[in-house]
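Here is a small set of exercises on a two-chain model. Grab a viewer, try each task, then compare with the worked steps.

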Amino acid sequence: MTTDQLYKIAEDWFDQQNWKPFAFQRQTWKTFLQGKNGLLNAPTGSGKTYALWFPIILDYIKNHPDYKTTHKKGLKAIWITPLRALSHEIKQSAERVANDLGTGLSVGIRSGDTSTSERVKQKRNMPDLLITTPESLQLLLATKGYAKTFKNCSAIVVDEWHELLGTKRGVQTELGLSRLKSVCKKVRIWGISATIGNLDEARQVLLGPASPALDNSVMIKANTAKKITVKSIIPKKMETFPWRGHLGLHLLEKVIPILNNSKTTLLFTNTRSQCEIWFQKILEKHPEYAGEIAMHHGSINKETRQWVEQAIRNESLKAVVCTSSLDLGVDFAPVETVVQIGGTKGIARFIQRAGRSGHRPGKESVIYFLPTHALELVEASALQQAVKKKEVEDRIPYLNSFDVLVQYLTTLAVSDGFYPSIIHKEIKNTFCYQAITMEQWQWLLNFLVMGSQSLQTYDEFKKVEVEEDGRFKVNHRGIAMRHRFQIGTIVGDANLTVRYQKGGYIGTIEEYFISKLKTGDVFTFAGRNLEFIRIKQMQVHVRNSSKKSTKVPAWMGGRMSFSTQMSELLRNELYSAALPESQQSIEIKSLKTIFDKQREESIVPKPNEFLIETFETNDGHHHIFYPFEGRAVHEAMGSLLSYRISLLSPITFSLAFNDYGFELLSDQKLDIQEILDNNLFTTAYVFDDLQKSLNATEMAKRKFRDIAVISGLVFTGYPEKGIKMKHLQSSSQLFFDVFKDYEADNLLYQQAFTETFEHQLEEGRLRMALERIQKQKIVCKQCRQPTPFSFPLITDRLREKLSSEKLADRIKRMTAKLLKK
Amino acid sequence: MTQNIRIYDHEFILHASGAVFWKGKATLLISDVHLGKVSHFRKFGAAVPLKAIGANFELLDEVIAYFNPEKIIFLGDLFHAHLNTEWIYFEAWIAQIATEVILINGNHDVISPLKYEALGIEIHDELILDKCLLTHHPEPRQGYFNFCGHIHPAVKIQGSGKQSLRLPCFFKTQDQMILPAFGKFTGSYTLKRKKEDEVYALAEGMVIKI
């Protein structure tokens, strides 16, 4: 069949639907059929599924002209998606085309939700197109004979690549691809990504830097420019609007007319707990919505989620309160309006959420921003600018994630075993491990085989064994089983299943929350009031309760930082407070009373000013610095500064950070002049000092948590099976401490520091911020009480610690205070 | 490095390692060493640093050298799990100390008593010495003072400037003393204290009354 005849098949199908292919779809078909790899930059709901699914089918037709009568069995393409919730949607679209064209191609899903019987069936007979997640792909690589399964796979599509890039699941994907490139001889690799700042890099990471695959690749951009209207919800009375907070319930009544005026509205919240609360409160205040609003977040069971998604599609819901669980995929045509509650901390995410409304081509997207506290209105104003300028941020890919590599190598050892020379070559071609040294590689192999760097007598370490022909292999069944189980838990926190006592699955909840509950406590979850009965075999047993609850599960999500671009926009908005009102945005204008209050004892800084505020409360001495550089930079600067101050004399700090500034809280008063005289904001020795401050705080220790789980040091048990494996349970903290004491050169331990350094603190940005401060005039204000700017900071309870005092001295002072009480 | 306390007119010394020395009886009480835990984890594929094995024995030697006891009573969970190669180190260690050793059974102690007896170690479910009841699990009993372990107690203290610290500790109530875990690779559990409880925290080689 000629290429033109192939296109005709596709064009005819579009005709039958009364659609017309977009230019980017045609372009993707063409380049795919030419045998190229690529990255397709297209937003959700733009028809990207058809852009890549069509050429996969056309390619099959081309190679099998008798496709209508004979079906060639075996896996032909893999579609990787970051969210299992999306797989059904993709399956439906794919099946529709496959059936309409009479190809007889089958589509199957392989994810954490896939039943065991289905898996067994797949093992015997793989579907032609497999839709899967990065974790499930790893699991397939942990299956014996995987090479045969994948042999004839001709295409791999990584959907929503921007969501994976910059995460360890992205690294997992890179590794999986590096293997499949060798196993499937004629495979094309395609990524689909929404707009991010570093699209070119995204393509490199997907295909491998300097790889033949990259050379033979294209970037296709869908020009589906969409008009986005951003509107801020502004409180009527700023005097009574809170200075801090993250729930935004004060403005609940302002949301009601928006809901009434739109067919379907999505209300995006940043955390699941916020989602739960909003859902409850809307129903409480407006019972007339009962049955017309629903809730959607990642911890709710699959059936309920799917029901909600279906209900949005057939327009039977007025509103859905949701979290990032509805960020991606799934085309919801009836959604007319989106409300974002609280800052999203990212422009790309904000734009993406806006795009969930007005989904039909040509329609505009409408998003309302609902501030949860006064200063967030500055953010709202900055967001307007950002959306206008399309200032989307980068997603920074990981480098040298040894934990993921340890996991991957074990995976290969569990299935068919691996030869290091072959795998080394493959991983050297990935973005993540392009710079791995021979020493590091050898270290990892030793770690897998000996659990240390040299063979010790009496040591019974058992994991990977080296066979006579040099193949690395796991032969122990228990180790293989535990490893397979652990692959799925790359995201970390231990989750427990919530069930009614008589059965009936409700969802999953973080162990952290449940551990705080006592029998009889009532908590809100999945929109219900539940009474906690007990934890049994990793399951939380509950019963319905009519009692009012005050406890809402808290999830740790949502502590992201502003990008450089967004921080700059934010500063500019703030500086506009000094301009005449006619030049201010509506949000800034509305903040007048707050600014006035701020000016009573302090200032609203101008571009050339760096503000420091100090005051005393019952908590101690507060010292607040306002660089307005985003949380990441403030974490770095706060650690650096407190470390430098702690060198002057023994002192203990509790640190808090947000996107506007940071606080050093202490029981001692700081002499700000001394800090300035000692030039503690200098860029000299930043690297060294920052590294030392990392040892003094617990940031790296926290980072180590994921590393320990991913690399298989910490085993989380088999929650699904109800086996807790108590004798193997330990905390990552314990591991961190023994590494610190006995094996500080361990690469996994070291990784905790590099990761904090590169991914959390962003040293480069810190330097620039320090240089900017050097040129500013420092304005130090001694206040009698907290200012509006300082309020969100001083009330933040998630804190970092740093101390240069002797433990004994600290205890003595702390206990002395206790006695006084 | 130590703190002295009196119970029933006996003098006890609390050591920063988590051991208690009963002066009048020249006896050392040690709880929850969890020997073999490191090797157990390693056997199951989790690479805990090998050097952590030696640390437990070094610490034991240190305390023995400091107090020079005639007798050591382990208050349970001496070994974390089934027999593994750390037993070899333990045998060697036992062979070179001149002290009598007694083990009170803990929930983790699943190694055959015969193996201990072969090393001359007595095993008991509990032991009563001069109105002091020695057990692994906390077990209040009328008329006795209970020394026990099992809990791995820790205490949380808070101070001005939103400071807070969490430290392993000796936890003493009216008639009970829970010892901290002596083992290096063990966790701890925060206990809430009542007014009348006495807490001695372990901090950087010191024992500090809180």
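Let's fix one term before starting: a residue is buried if 20 or more other C-beta atoms lie within 10 Å of its own, exposed if 12 or fewer, and partly exposed in between, with the C-beta atoms placed from the backbone. This is a predicted model, where local features need pLDDT of at least 70 and side-chain atom pairs count only at pLDDT 80 or more, while totals for chains, interfaces and linings use all residues. Residues are numbered from 1 along each chain as its sequence is written, and chains are lettered from A and ligands numbered from 1 in the order in which they are written.

**Exercise 1.** Find where Tyr8(B) and Ala26(B) sit, and classify their exposure.

*Solution.* Start with elements: helices (H or I, at least four residues) and strands (E, at least two) are DSSP runs, numbered from the N terminus.
- Tyr8(B) lies in the loop between β1 (2–7) and β2 (10–15) of chain B.
- With 11 other C-beta atoms within 10 Å, Tyr8(B) is exposed.
- Its phi is positive, about 50°, although Tyr8(B) is not a glycine.
- Ala26(B) is in the loop between β3 (20–22) and β4 (27–30) of chain B.
- Ala26(B) has 13 other C-beta atoms within 10 Å, so it is partly exposed.
- Ala26(B) also has a positive phi of about 50° and is not a glycine.

**Exercise 2.** Check the radius of gyration of each chain against the globule rule.

*Solution.* The radius is taken over C-alpha atoms, and the rule is 2.2 Å times the number of residues to the power 0.38.
- Chain A holds 33 helices and 26 strands.
- For its 821 residues the rule gives 28 Å and chain A has a radius of gyration of 28 Å, so chain A is as compact as a globular protein of that length.
- The C-alpha atoms of chain A fill a box of roughly 85 × 75 × 60 Å along the principal axes, and 47% of the residues of chain A count as buried.
- Chain B has four helices and 16 strands.
- A compact globule of 210 residues would be near 17 Å, and the 17 Å of chain B agrees.
- The C-alpha trace of chain B spans about 45 × 40 × 30 Å along its principal axes, with 48% of the residues of chain B buried.

**Exercise 3.** Which residues touch the most other members of the largest nonpolar core?

*Solution.* A nonpolar core is a set of buried Ala, Val, Leu, Ile, Met, Phe, Trp, Tyr and Cys residues joined through C-beta atoms within 7 Å.
- The largest core has 209 residues, and the answer is Ile156(A), Val320(A) and Val321(A).
- Beyond four places in sequence, Ile156(A) touches Ile78(A), Ile80(A), Leu177(A), Leu180(A), Val187(A) and Ile189(A); contact here has C-beta atoms, placed from the backbone, within 7 Å.
- Apart from that core lies another of 51 residues, including Ala16(B), Leu35(B), Ile111(B) and Val199(B).

**Exercise 4.** Describe the side of chain A that touches chain B, by element and by class.

*Solution.*
- Count first: 39 residues of chain A contact 36 residues of chain B.
- Now the elements: β23 (652–657), β24 (662–666), α29 (732–742) and α33 (807–820) of chain A each give two or more residues.
- The largest share, eight residues, comes from α33(A).
- Sort by class, with Ala, Val, Leu, Ile, Met, Phe, Trp, Tyr, Cys and Pro as nonpolar, Asp, Glu, Lys and Arg as charged, and the others, Gly among them, as polar.
- This side of chain A has 16 nonpolar, 12 polar and 11 charged residues.

**Exercise 5.** Glu467(A) and Gly507(A): buried or exposed?

*Solution.*
- Glu467(A) sits in the loop between β14 (465–466) and β15 (472–473) of chain A.
- Glu467(A) has 10 C-beta neighbours inside 10 Å, so it counts as exposed.
- Leaving aside neighbours within four places in sequence, Glu467(A) contacts Gly417(A) and Lys473(A).
- Gly507(A) belongs to strand β17 (residues 505–510) of chain A.
- Gly507(A) has 23 C-beta neighbours inside 10 Å and therefore counts as buried.
- C-alpha to C-alpha, Gly507(A) and Thr304(A) are 9.6 Å apart in space, though 203 residues apart in sequence.

Terms used:
Two residues are in contact if their C-beta atoms, placed from the backbone, lie within 7 Å.
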